[in-house]
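Work through the exercises below with the sequence and the structure side by side, and try each task before you read its solution.

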Amino acid sequence: MNATPDHPELDQLTADVAALHGRIGLDPAARPPERRDRIDIRFAAAAARHPTRVCTRDTAQQSTYLELDWLADDIARRLSGRTGPGSAVAVRARRTRTAPAAVVGALRTGAAVLPLEPGHHAGLQEHLMRDAGVEMVVSDSGLLRDEIPLAKAGGYVIAARPETASGREIPPGTAFLALPPAGGDPGRALTVGTVTHGDVLSWVDAVVPMLESGPDEVWTYFHSLSLDLGMREIWAPLLCGARAVVVDRDTASDARAFARLLAEEQVSVVTQLPSAFARLAAAARVTRTSLPALRHVLLCGEPLDTAALADWRDAHIAPQAVVWDVSGPPTAL
């Protein structure tokens, strides 16, 4: 059946997906290539396979995989010729459904991404950008002093920064420049470290098969992209065609609200620090929240609170859920 006379938008969708296939060298009828070692390439493959699926959802709206891929492509075009391999792009993005597209767009230039939390003090942001040698910024949260707007893509402004000689060499394969851990070492200067595409993808490739996760799963996007955990958390669902529900800052800081969100959105996979999980368990127990859709809880980044785990199980909050420690090799608890 020819859809052109009555549904020209379907022809446009077909053309857009075909262009995606061409760009990544993907035959949709064939098996996936054995190795695709960049986050942005894997996202393009997911968008080609699941163009109309909901990719991310926040309190305002939702976006499909193809919509986010369009935005990422637009951002990459605006950055083209202004950055590339060996360079760093700062992404100052609020926790919204479009934030991953800003990251993918910057990665498509070959540059590394320095994720910045809009709430961070301007002085800290300036210091980190100087340390990383950032010359281009993608922001949905305003610009700092001396940042010069050049273009817009969706809700993002692409801006240039004055050239700074940081002396930093960004190794090939670097995806992110990570902020130091909270507290850090008071005896050392504040510097950013490198996280490679392989670092992120090895975590995804270990966790997703372990969970037998696929496009029908609903994950949470809880942590800031400026945190090491956030850099990994968001890509597990987005690289396998699943849906990520954005947890805004207010909900993330209110365990009862977070428990309600998990129930309303029928979340099946959640990633938490053990301390946050303890608060969630207490809130769900007090409010008698039931989470029958929840299949997996991933804990990492802190020592495990065994008492919270026992309370969670005793209250039968999520009878089907397996709790995992993914700080190292994944282990069922």
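Two strands pair if DSSP finds at least two bridges between them, where helices (H or I, at least four residues) and strands (E, at least two) are DSSP runs, numbered from the N terminus. This is a predicted model, in which local features need pLDDT of at least 70 and side-chain atom pairs count only at pLDDT 80 or more, while totals for chains, interfaces and linings use all residues. Residues are numbered from 1 along each chain as its sequence is written, and side-chain values use heavy atoms, with hydrogens and water left out.

**Exercise 1.** Find the strands that are joined to strand β7, and state which residues stand opposite I158.

Solution. Begin with strand β5 (residues 136–139), which is joined to β7 by four bridges and runs antiparallel to it; here V138 is the residue that stands opposite I158. Next take strand β6 (residues 148–153), which is joined to β7 by five bridges, again antiparallel, and in which A151 stands opposite I158. Then look at the hairpin of β6 and β7, where two residues lie between the strands and G154 takes a positive phi near 60 degrees.

**Exercise 2.** Explain why strand β7 is described as largely enclosed by the rest of the structure.

Solution. First fix the terms: buried means under 20% relative accessible area, exposed means over 50%, and partly exposed lies in between (1.4 Å probe, protein chains only). Now apply them to β7 (residues 156–160): four of its five residues are buried, so the strand is largely enclosed by the rest of the structure.

**Exercise 3.** Decide which residues of helix α12 (residues 306–314) are buried, and on which side of the helix they lie.

Solution. The residues A308, L309 and W312 are buried in α12. They cover an arc of only 100 degrees around the axis, which puts them on the same side of α12; the arc is that of the directions from the helix axis to the C-beta atoms. As a general rule, an α-helix has 3.6 residues a turn, so residues three or four places apart point the same way. On the other side of α12, T306 and D314 are exposed. To see what the buried residues of α12 pack against, look at α11 (274–287), β13 (296–299) and β14 (322–325).

Finish with the ends of the helix. At the N-terminal end of α12, D305 acts as the cap, with a side-chain oxygen 3.1 Å from the backbone nitrogen of A307. After α12 comes H316, whose phi is positive, near 55 degrees.

**Exercise 4.** Determine which residues touch the most other members of the largest nonpolar core.

Solution. A nonpolar core is a set of buried Ala, Val, Leu, Ile, Met, Phe, Trp, Tyr and Cys residues joined through side-chain atoms within 4.5 Å. The largest such core has 59 residues, and V138, F176, W235 and L298 touch the most other members. Continue with L298: if its neighbours within four places in sequence are left aside, its contacts (heavy atoms within 4.5 Å) include W203, V207, M210 and L211, and also W219 and W324. There is also a second, separate core of 24 residues, whose members include V218, V267, A281 and L294.

**Exercise 5.** For E212 and Q266, work out where each residue lies and whether it is buried or exposed.

Solution. E212 lies in the loop between α6 (197–211) and β10 (218–221), and its phi is near 50 degrees, a positive value in a residue other than glycine. With a relative accessible area of 69%, E212 is exposed. Q266 is found in the loop between α10 (255–264) and β12 (269–272), and its phi is positive at about 50 degrees although Q266 is not a glycine. At 54% relative accessibility, Q266 counts as exposed.

**Exercise 6.** Describe T251 by its place, its burial and its contacts.

Solution. T251 is found in helix α9 (residues 249–252), and its relative accessible area of 16% makes it buried. Leaving aside neighbours within four places in sequence, T251 is in contact with A257, F258 and L261.

**Exercise 7.** State how many helices and strands the protein chain has, and what share of its residues is buried.

Solution. The protein chain has 12 helices and 15 strands, and 51% of its 333 residues count as buried.

How values were computed: A polar contact is a pair of N or O atoms within 3.5 Å; within protein, one must be able to donate a hydrogen and the other to accept it, and residues adjacent in sequence count only if both atoms are side-chain atoms.
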